[in-house]
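This briefing covers one helix and its surroundings, then a set of charged side-chain pairs. Please keep the sequence and the model open while reading.

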Amino acid sequence: MGPTVTVRDLDQPAELDELGALLTRIWNSPQPLVSFPVLRALSHAGGMVLGAYAGDRLIGGAIGFRNPDAPSLHSHIVGIDPDQQGHGVGQTVKRHQRDWCLRRGITEITWTFDPLVRRNAVFNIDRIGAIGVRYLPDFYGPVADGYNAGLPTDRVLLRWDLSTDRRPRPPGPPGPAVLDVGPDGEPRRGVGPDGAGPVWLRLPERVPPPQAVPWRHALRAVLAPLLDTGYRWTAVSDGGWCALTRPSAERDVAAQGPAKEQPEHPMEESR
């Protein structure tokens, strides 16, 4: 068993510089992902700048901006060192973010994630209990890091209500899909929503590189209008089945107790 992971606020120049270097390395970015002056100013002004440590080694971090007009925080980045991924570190950081916010009277965290990355959808919605509320086409514009180069940076905005312990429960077995995975990994359009129940779609486990742009446009065409017209992305399974429900049906997505420990991926938000 490795050392216990601890998470704490960072405010010293050397700590902030180390965090910036780690995040840049995680995303394989040709330029600093978040500059030292921004980290320094954010920490000084009471924003969220966290470091996750295994012993004395920095293995992850989180950056967030407080909303001056509402009890809400926007979590811009959470990243975990690649050799520490899949060991629960991401959940440890998210739990600390929750506690950090509640100590300050903040009752909601929002963040964005790439809906093409299925493991992130599972982590954010199924494990954490966040809800997808809006589709944001090409939100960050062109990005040249190792994860986003060559693709529009479409994102889904998530909202995590910290006042509940919501645990998603899919509303019954999957029905006909508005979007499914074809035999060669391509997106395959299906039936349209009938308005009578949840809308289902299925995400591939991994998107074949030749299908990345078609999948981006297919998800944009399906998810954007559904979220714009009031559906909410409330459940996703390990097999990639996603349920979108009307807000009036969210009470059927019942609370199931504390989140279970599951492997996670570090890039559940931002980039």
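In this predicted model, the cover over the buried residues of helix α4 includes α3 (89-103), β5 (108-113), β7 (155-161) and β11 (232-236). Helix α4 spans residues 118-128, and 10 of its 11 residues are buried, so the helix is largely enclosed by the rest of the structure. Salt bridges are the second topic, and the count comes to 13.

**Helix α4**

- The buried residues of α4 are R118, N120, A121, V122, F123, N124, I125, D126, R127 and I128.
- Charged residues are part of that buried set, including R118, D126 and R127.
- G129 follows α4 and has a positive phi, near 100°.

**Salt bridge R57–D83**

- R57 and D83 form a salt bridge in which the closest N and O atoms are 3.0 Å apart.
- This pair links distant parts of the chain, 26 residues apart: R57 sits in strand β3 (residues 57-66), and D83 in the loop between β4 (72-80) and α3.
- R57 counts as partly exposed because its relative accessibility is 36%, and D83 also counts as partly exposed, at 48%.

**Salt bridge D114–R216**

- D114 and R216 meet through their side chains in a salt bridge, with an N to O distance of 2.8 Å.
- D114 belongs to the loop between β5 and α4, while R216 is in helix α5 (residues 212-228), so the salt bridge ties together parts that are 102 residues apart in sequence.
- Are these two partners buried or exposed? D114 has 11% relative accessibility and therefore counts as buried; R216, at 1%, counts as buried too.

**Salt bridge D180–R202**

- The side chains of D180 and R202 form a salt bridge at 2.7 Å, N to O.
- Strand β8 (residues 177-181) holds D180 and strand β10 (residues 199-202) holds R202, so the pair joins parts that lie 22 residues apart in sequence.
- D180 counts as buried, with 14% relative accessibility, whereas R202 is partly exposed, with a relative accessible area of 25%.

**Network**

- Which residues are joined into one network by salt bridges that share partners? They are R25, R57, D81 and D83.
- The R57–D83 salt bridge described above thus has both of its residues in this network.

Definitions and conventions. Residues are numbered from 1 along each chain as its sequence is written. This is a predicted model: local features need pLDDT of at least 70, side-chain atom pairs count only at pLDDT 80 or more; totals for chains, interfaces and linings use all residues. Side-chain values use heavy atoms; hydrogens and water are left out. Buried means under 20% relative accessible area, exposed over 50%, partly exposed in between (1.4 Å probe, protein chains only). Helices (H or I, at least four residues) and strands (E, at least two) are DSSP runs, numbered from the N terminus. Contact means heavy atoms within 4.5 Å. A salt bridge is a side-chain nitrogen of Lys or Arg within 4 Å of a carboxyl oxygen of Asp or Glu.
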